[in-house]
Amino acid sequence: MNNIYLVPGPTTVPAKIRAIYQHDFGSSDLDSDFFQLYSATEQLLQQLFGTTNSVVMMTGEAMLGLWGGLKSCLQPGDKVVSIANGVFGRGIGEMAQSLGAEVEFVEFPFYEAASDFERIDTVVKRVQPKMITAVHCETPSGILNPIAEIGAIKAKYNTPLLYVDAVASLGGAPVEVDNWHIDICLGGSQKVLSCPPDMTLLSVSPTAWETIQQVNYSGYDALGPYFNALKQQLFPYTPHWRGIAALTLATKMLLEEGLEQVFARHQQVATFCREKIAELGLTIYPHDKIYAAPTVTAINVPKNFTWNKLNNSLREHGLIVGGSFGPLAEKVFRIGHMGSQADMKLIKNALSILKLALAL
Ligand SMILES: *Cc1c(COP(=O)(O)O)cnc(C)c1O
């Protein structure tokens, strides 16, 4: 029996994408075919990000972009307002602190969305930060935060930079970088795009580029060298041709299906998952299902189980799902239904296995 993998990233890589990694390409430092591919992929990704801003593709897992975006824009003493209603939101604020930024957290319980806009407005008004940070999909708690309203607050107070982690939503839910006033928006290859965990994606606004130039950070994760990389045909290190070719195909597959259709597929699977969870007598972790993410469902571990016992039983039946992190470890488990895993047949099978495991 084949296992069913519904881990919320890295997701299952479809055979068509895996096949790209068997190809041999030329030299990505020198070959004009590579530069054309990079440029074409950037244009495809702009459609996912909903932007005319440039999109940088760096070799490395999404954390590379999370760090690179902060290090390239922040200097010690810079003020940052960090919206923290989850493991990643909190973590990004702490990363900014580690760089010497003065961070003010706007905290919410992890089971709530960052939807008290008055509170956020008040803090931004008082602090006048250089940057606001937020997370679109908080994967460990299964929450999709409303970024449009946070973007409106950024615009209202002319905050220079809005930094948004959309790693677990990009492609699976609408992300509107331009309409939401996002300056640095982060994506990764191993979530909805269903590629290996080898690429980080960042949309970078003109204001962010100006800041990046002023800060002039240098390091492997520095964004600066990407500003003119295509024009000068000079990347800071050998780019990952296979990884970028895989992103091209993955993005084309989503665009050919149609983004509206892709978002509807994610919604349909998520809704079905939540309904079945309720039928099984389980509860989802987010208190308000309006903010439950379309890409991942976080479920409270039932009282008569430990996560370990439940996980072992699910694995015996061939279902691999995720636990959670930080304060949610052992308390919450997660079904990842993003990208290749946003599939009605897979989720139906998975939920029958969950039912069996619970009956033990
Ligand atoms: C997956 C993910 C990342 C990347 O982190 P890893 O845990 O290293 O995969 C960053 N932000 C969010 C919201 C994610 O879901």
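## A tour of the ligand site, a cavity and two backbone features

Begin at Lys-191, where an N or O atom of the side chain is 2.7 Å from an oxygen atom of the ligand; as you look, keep in mind that this is a predicted model. While the ligand is still selected, show its surface as well: on its own the ligand has 370 Å² of accessible area, and the protein covers 82% of that.

Next, select Glu-61, whose side chain likewise places an N or O atom 2.7 Å from an oxygen atom of the ligand. Then move to Thr-139, where a polar side-chain atom and a ligand oxygen atom are separated by 2.3 Å.

Now widen the selection to the whole shell around the ligand, which, besides Glu-61, Thr-139 and Lys-191, includes Ala-62, Met-63, Phe-88, Cys-137, Asp-165, Val-167, Ala-168 and Gln-190. Coloured by class, this shell separates into 6 nonpolar, 2 polar and 3 charged residues.

From the shell, step back to the pocket, since the ligand sits in the largest pocket of the model. The space in this pocket amounts to about 280 Å³, and its lining is made up of 20 residues, with Pro-8, Gly-9, Glu-61, Phe-88 and Lys-191 lying nearest the centre. Of these, Glu-61, Phe-88 and Lys-191 will be familiar, as they also belong to the residues around the ligand. If you select helix α3, residues 62-73, you have the element that gives the largest share of the pocket lining, namely 3 residues. By class, the lining residues of this pocket are 12 nonpolar, 4 polar and 4 charged.

Gly-9, at the pocket centre, leads to the next stop. Select Gly-9 together with Pro-10 and inspect the peptide bond that joins them, which is cis, with omega near -5 degrees. Pro-10 itself belongs to the loop that runs between β1 (4-5) and α1 (15-20).

Leave the pocket now and turn to the enclosed space. How many cavities of 30 Å³ or more are there? The count is 1, and the largest cavity has a volume of about 30 Å³. To display its lining, select Met-57, Met-58 and Thr-59, then add Tyr-226, Phe-235, Pro-236, Tyr-237 and Pro-239. This lining has 7 nonpolar residues and 1 polar residue, with no charged residues, whereas the lining of the largest pocket has 4 charged ones.

For the last stop, centre the view on Asn-158, in the loop that connects α6 (147-156) and β8 (161-165). Plot the backbone torsions there, and you will find that Asn-158, although it is not a glycine, has a positive phi of about 50 degrees.

Note on methods. Residues are numbered from 1 along each chain as its sequence is written. This is a predicted model: local features need pLDDT of at least 70, side-chain atom pairs count only at pLDDT 80 or more; totals for chains, interfaces and linings use all residues. Side-chain values use heavy atoms; hydrogens and water are left out. A residue is near a molecule or strand if one of its heavy atoms lies within 4 Å of it. A polar contact is a pair of N or O atoms within 3.5 Å; within protein, one must be able to donate a hydrogen and the other to accept it, and residues adjacent in sequence count only if both atoms are side-chain atoms. Accessible areas come from the Shrake-Rupley method with a 1.4 Å probe; for residues, only the protein chains shown count as cover. On a 1 Å grid over the protein atoms alone, a cavity is a set of points where a 1.4 Å probe fits but cannot get out, and a pocket is an open set with protein on both sides within 12 Å along at least five of seven lines; lining residues have an atom within 4 Å of a point. A molecule sits in a cavity or pocket if more than half of its atoms lie within 2 Å of its grid points. Ala, Val, Leu, Ile, Met, Phe, Trp, Tyr, Cys and Pro count as nonpolar, Asp, Glu, Lys and Arg as charged, and the others, Gly among them, as polar. Grid points are joined across faces, edges and corners, and a volume is the space filled by probe spheres set on the points. Helices (H or I, at least four residues) and strands (E, at least two) are DSSP runs, numbered from the N terminus.
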